[in-house]
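Colleague: Got a minute to go through this model with me? I'd like to start with the ligands.
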Amino acid sequence: MKIAELGEFGLIEYLTRNWSPGLVGDDAAWLPLPPGEQGPMLFTTDMMLEEVHFSRRFSSAYDIGWKAVAVNVSDIAAMGGEPWTAVISLGADSSWSVAELEELYAGMQAAAEIYGVVLAGGDTVKSRQGLILNLALTGWQRGPQPLGRDRARPGQLLAVTGPLGASAAGLAWLQAGGEGDCATQVGEAVTLHRRPRAQLAAGRWLAERQLATAANDISDGLAREVLEICTASGVGCQVEATAIPIHAGARSIARTLGKDALEWAFRGGEDFQLLFTCAEADWHQIETGLTALGCQPARIGRITPPEQGMRLLTEKGPEPWPAGGYDHFTGGKE
Ligand SMILES: Nc1ncnc2c1ncn2[C@@H]1O[C@H](COP(=O)(O)OP(=O)(O)OP(=O)(O)O)[C@@H](O)[C@H]1O
Ligand SMILES: Cc1ncc(C[n+]2csc(CCOP(=O)(O)O)c2C)c(N)n1
Ligand SMILES: [Mg+2]
């Protein structure tokens, strides 16, 4: 069915026909505050555009809906918070059918259930070209203070919650005409590109115990996220290239396509693992706790005093920190 057959209001009614009362149908959604929660409120937004953040050639409408929820939850996870309510802004051109938008909503709903997000209304317009999907997500802080980017201190460890490079590798594989639906490490990289996982349990675990001093989700690549923590905290760092965990599927795809998987880890982005800093004395507890949650934590380096700058230690010796990361206005990558 074409969207024009339903019209704007018919489409909204159709897509939200199973939602609870109070969430859709008035000027604003209303719902009770989470019981007993008084921590600071968190509020984030992340937008996805067709052919910028996803392509219908590589992802189903369900995948796209899923990803919109996961990328927003990831920002709450990086603060050590709990996600709560999201509103959806949707712009669709006439190439999108009602059935596809229904799939998009099914994907959003499925991810929302997994992460405990309530979808609470939104706004719908016709786009001139392609799909625009934006979520604004509220959340709240469990710990006494948000897990920011500005409390990394010299001597602390830099670590990640799991392997990197999978999403960019999965996308490169699909762009090269590769099959995504296979039960291999390559298939897993493709799945991680299509349906990224927010590290909500890891963020919550670290924040509740106050074991992480700073954190960031890896949306724009390790190069960019380490720079953000070091800049916000006013510190330097020393990262060992060989300690950076690379997803096995990304390694395999890099070999086949003649690419560099480490480059995907640094500048590919969309891995949505957490980058965090912690006291060295807490590492054993962190490694055990995060592993029990299904993560594959790895320490990749150390925070240093600011005057030492940011350095990458490779087999050839110390190198300046790799520039770049994903930048929308410099052609994707710097
Ligand atoms: N157009 C804007 N107006 C006001 N603030 C903005 C705007 N775009 C981004 N920001 C703010 O700038 C900061 C960095 O934004 P950015 O989108 O890079 O967040 P991020 O978490 O680093 O990345 P990602 O979008 O991939 O999650 C955030 O605090 C964000 O709220
Ligand atoms: C079709 C297609 N081409 C390229 C990419 C890669 N990509 C797009 S946005 C982004 C960084 C995060 O964005 P933001 O900073 O807006 O959160 C990355 C790595 C993709 N996913 N799909
Ligand atoms: Mg972020």
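Colleague: How does the shell around ligand 1 divide into nonpolar, polar and charged residues?
Modeller: No nonpolar, one polar and five charged. Asp, Glu, Lys and Arg count as charged; Ala, Val, Leu, Ile, Met, Phe, Trp, Tyr, Cys and Pro as nonpolar; the others, Gly among them, as polar. This is a predicted model: local features need pLDDT of at least 70, side-chain atom pairs 80 or more, while totals for chains, interfaces and linings use all residues. Side-chain values use heavy atoms, without hydrogens or water.

Colleague: Which residues are around ligand 1?
Modeller: Asp46, Asp75, Arg149, Ser219, Asp220 and Glu228. Around means a heavy atom within 4 Å.

Colleague: Which polar side chains does an oxygen atom of ligand 1 approach, say Ser219?
Modeller: Ser219 has a side-chain N or O atom 2.7 Å from a ligand 1 oxygen. For Arg149 the distance is 3.0 Å, and for Asp46 it is 3.1 Å. A polar contact is a pair of N or O atoms within 3.5 Å. The protein buries 31% of the 620 Å² that ligand 1 exposes alone, using Shrake-Rupley with a 1.4 Å probe.

Colleague: And ligand 2, which residues come nearest?
Modeller: Val52, His53, Gly268, Glu270 and His328, of 14 around ligand 2. Oxygen atoms of ligand 2 lie 2.8 Å from a side-chain N or O of His53 and 2.7 Å from one of His328. Asp220 has a polar side-chain atom 3.1 Å from a ligand 2 oxygen. The protein covers 85% of the 520 Å² that ligand 2 has on its own.

Technical notes
Residues numbered from 1 in each chain as written. Chains lettered and ligands numbered in written order. Polar contact = N/O pair within 3.5 Å; in protein donor to acceptor, adjacent residues only side chain to side chain.
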